[in-house]
Amino acid sequence: MKAVQYREVGGPEVLRYSDIEQPAPGPGEVRLRVAASAYSAADNGMRAGFLPIPIELPHVPGYDVSGTVDALGEGVTGVANGDPVISFLPMERDGGAAEYVVAPADAVVPAPTSIPLADAAALPSVALTAWQALFDEGRLEAGQRVLIVGAGGVVGKYAIQLAKRAGVHVIATASPRSAAAVQAAGADQVIDHTETDVLQAVEGQVDVLLNLAPIEPDEFAAAVAMVRDGGAVVSTTAFMPTPGDDSRGVRAATVFVLPNRQRLTELVSLVDSGALTVEVTRRIPLTELQSLHAEGAAGRVSGKVIVLP
């Protein structure tokens, strides 16, 4: 089968489009005929060798995937050949940048029916990240307020939609380029962080500060003052510490997204009900994945890009 893999860590040039052996599902596993995988900055980090996830080489990237069940391993029940599914694959295993991929049967869920199967690859890890940040770590509840810093990215727009659905007041920072999209996602207040002092623009305190952007540590620490006593600061930027304030009971949490089959199933239901929009900005063939990684390494990838085998 055709796949993109790398045999050593390094720059985008280590990625190779080639023929590799088609995988066979073991006990408790299913094989998927891939409809699409989704590019992630974490894939770039693993390939470059600075994201400490214990992969085995050679490695196929693409841990978000959609496809059709193609073969069942021993003992698998509850799924059948031909079922359209999505999965957040274990990040240490081979991913979906290939024609076929093997997944744990308990990591696949039925795909949304309201969008193309290929586009559904854009949902799993980023939507789970938003949910876990807001509700598992932030413990947000209806009637509360959240400030989302860097809301113009993919996770930010999911976070806005999920927070608004939960009855939360959303204040979001965005650049002029993404302000309209952030407003369309449902933010109650959009702050242009390129022109405005965010600390001055937010009236009163918030219950949760969710940071999704690479900001200066001093700026991040100063923002904690905007969080009420007993609130939370949550961040997805694992390369820098998340500040809190023990004296006021302000918790600090850094999100490392975890697979959650039940939650992913709920997110699929939200997509099919129209309560959650899946945004795909580009679709590229597998043969262009190396070029996409080069764009990502240079910081030029915006939105969600899916890769078609």
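Let's start with two helices: H2 and H7 are roughly perpendicular to each other. That is in a predicted model. H2 covers residues 124–137, and H7 covers residues 261–273. They pack at an angle of about 105 degrees, and their axes are 10 Å apart. On the H2 side, Pro124, Ala127, Leu128, Trp131 and Asp136 make the contact. H7 brings Arg263, Leu264, Glu266, Leu267 and Leu270. Seven of these contact residues are nonpolar, three are charged, and no polar ones take part.

Now the sheet. Six strands form it, and it is open. The order is S10-S9-S8-S11-S12-S13, with parallel pairing. Which strands stand at the edges? S10 (189–192) and S13 (251–254) do; each has a single partner strand, so one side of each has no neighbour in the sheet. On average, neighbouring strands are turned by 15 degrees against each other, direction ignored.

Helices next. H2 packs on this sheet and touches S8, S11, S12 and S13. Its direction makes about 155 degrees with that of S12. H3, residues 154–165, lies across S8, S9 and S11. H3 runs at about 165 degrees to S9.

One strand pair in detail. S9, residues 169–174, is joined to S10 by four bridges. Alanine 174 stands opposite aspartate 192 in S10.

Last, the core. The largest nonpolar core has 88 residues. Leu123 and Val146 have the most contacts inside it. Which element gives the most to this core? H2 does, with eight residues. Another core lies apart from it, with 19 residues, including Ile191 and Met240.

Terms used. Residues numbered from 1 in each chain as written. Predicted model: local features only at pLDDT ≥ 70, side-chain atom pairs only at ≥ 80, totals over all residues. Heavy atoms only, no water. Axes fitted to C-alpha atoms, helices over the stretch in contact; angles between N-to-C directions. Parallel < 35°, antiparallel > 145°, perpendicular 65-115°, else oblique. Contact = heavy atoms within 4.5 Å. Nonpolar A, V, L, I, M, F, W, Y, C, P; charged D, E, K, R; others polar. Core = buried A, V, L, I, M, F, W, Y, C linked by side-chain atoms within 4.5 Å. Buried < 20%, exposed > 50% of the residue type's maximum accessible area, 1.4 Å probe, protein only. Pairing = 2+ DSSP bridges.
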